[in-house]
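Please walk through the model below with the sequence alongside. The account starts from one pair of helices and works outward.

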Amino acid sequence: MKYFLLSIVIAIVMSACFTSQKTGKASYVIISDTETKVLKGTLSRALIENDTAFAWFKENMRYGSADAFAVEQFKQKSAAFSVLIFAGTWCHDSQNLLPKFYRLVDKSGFPETKVTLIGVDRPKTAPNDLHLKWNIVSVPTFIILKNGKEAGRVVEYGKTGNMERELAEIVAGL
């Protein structure tokens, strides 16, 4: 009886901490967090853009412009690659760089259907151990894929501090 009650309490606590969602192409869980809303799983731009908990997205979309070289490379080579992104809705670097990336997508006309966005929790884990498969240590991590295989990646702001330019250099080499 004691173990039965304990298992019920654990089940209630777990359901309070995680809420599973599936909308369109997005499939994720909402993790209760004292600081911010954390989404873990396959996400979409629309999901983040339209959720008031992520006001940072629309706010940061207003600042800056897309790197011209990156725009040109994404336009010219859009058929040759796709992008896999690991990001944290709780992470300040992700909050700064995701809007920057999507400005590049908008300006270049790169199809959003070729972008896969994976939300990670604070320990940087993703469903189905994708964080292990792709060796994710820091977020955001932008991975350029050619035929499903990694052609290159930019972690956070990159080596030079210009994430867009570094992504464009990877794309230019395809």
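**Helix packing and the strands beside it**

Helix 5 and helix 7 lie oblique to each other, because their axes cross at roughly 50 degrees, a value that falls neither under 35 degrees nor in the range from 65 to 115. The two axes come within 10 Å. The contact is made by Leu97, Lys100, Phe101 and Leu104 on the side of helix 5, and by Met163, Glu164 and Leu167 on the side of helix 7. The crossing of helix 5 past helix 7 is right-handed. The model is predicted, and the values given here are computed from it.

Helix 5 spans residues 92–108, which makes 17 residues. From the first C-alpha to the last it reaches 25 Å, close to the 24 Å expected at 1.5 Å a residue. Its buried residues are Ser94, Gln95, Leu97, Leu98, Pro99, Phe101, Tyr102, Arg103, Leu104, Val105 and Ser108. Leu97, Phe101 and Leu104 are thus among the buried residues of helix 5 and also take part in the contact with helix 7. After the helix comes Gly109, with a positive phi near 75 degrees.

Which residues does helix 5 present to helix 4? Phe101, Leu104, Lys107 and Ser108 in helix 5 meet Ala70, Val71, Phe74 and Lys75 in helix 4. Phe101 and Leu104 therefore appear in the contacts with helix 4 as well as in those with helix 7, where contact means heavy atoms within 4.5 Å. Helix 4 covers residues 68–76, and its axis comes within 9 Å of that of helix 5, with a crossing of roughly 60 degrees. Helix 4 and helix 5 are therefore oblique to each other. Helix 4 passes helix 5 in a right-handed crossing.

Helix 7, residues 163–172, is mostly covered, with 7 of its 10 residues buried. These are Met163, Glu164, Glu166, Leu167, Ala168, Ile170 and Val171. Met163, Glu164 and Leu167 are residues of the contact with helix 5. The cover over the buried residues of helix 7 includes helix 4 and helix 5, and also strand 6 and strand 7. That leads from the helices to the strands.

Strand 6, residues 141–146, has 5 of its 6 residues buried and is mostly covered. It pairs with two strands. Strand 4, residues 82–87, runs antiparallel to strand 6 and is joined to it by 5 bridges. Within this pairing, Ser82 stands opposite Leu145, and Phe86 has Thr141 as its bridge partner. Strand 7, residues 149–155, is likewise antiparallel to strand 6, with 6 bridges between them; here Phe142 stands opposite Val154. Strand 6 and strand 7 form a hairpin with 2 residues between the strands, and Asn147 in this hairpin takes a positive phi near 55 degrees.

Strand 4 is also mostly covered, with 5 of its 6 residues buried. Besides strand 6, strand 4 pairs with strand 5, residues 115–119, in the parallel sense over 5 bridges. Val83 has Val115 in strand 5 as its bridge partner.

The loops around helix 6 hold some backbone features worth a look. Most residues other than glycine have a negative phi, and most peptide bonds are trans. Asn128, in the loop between strand 5 and helix 6, has a positive phi of about 55 degrees. At 75% relative accessibility, Asn128 counts as exposed, because exposed means over 50%. Asn135, in the loop between helix 6 and strand 6, has a positive phi near 55 degrees. Asn135 is exposed too, at 54% relative accessibility. The loop between helix 6 and strand 6 also holds Pro140. The peptide bond from Val139 to Pro140 is cis, with omega near 0 degrees.

These parts can now be placed in the whole. The protein has 7 helices and 7 strands, and from the N terminus they run α-β-β-β-α-α-α-β-α-β-α-β-β-α. Buried residues make up 41% of its 174 residues. Of the contacts between residues at least 6 apart in sequence, 59% join residues at least 24 apart.

How values were computed: Residues numbered from 1 in each chain as written. Predicted model: local features only at pLDDT ≥ 70, side-chain atom pairs only at ≥ 80, totals over all residues. Heavy atoms only, no water. Buried < 20%, exposed > 50% of the residue type's maximum accessible area, 1.4 Å probe, protein only. Helix = DSSP H or I, 4+ residues; strand = E, 2+ residues; numbered from the N terminus. Pairing = 2+ DSSP bridges. Expected span 1.5 Å × (residues − 1). Axes fitted to C-alpha atoms, helices over the stretch in contact; angles between N-to-C directions. Parallel < 35°, antiparallel > 145°, perpendicular 65-115°, else oblique. Left-handed = near helix turned anticlockwise from the far one by under 90°.
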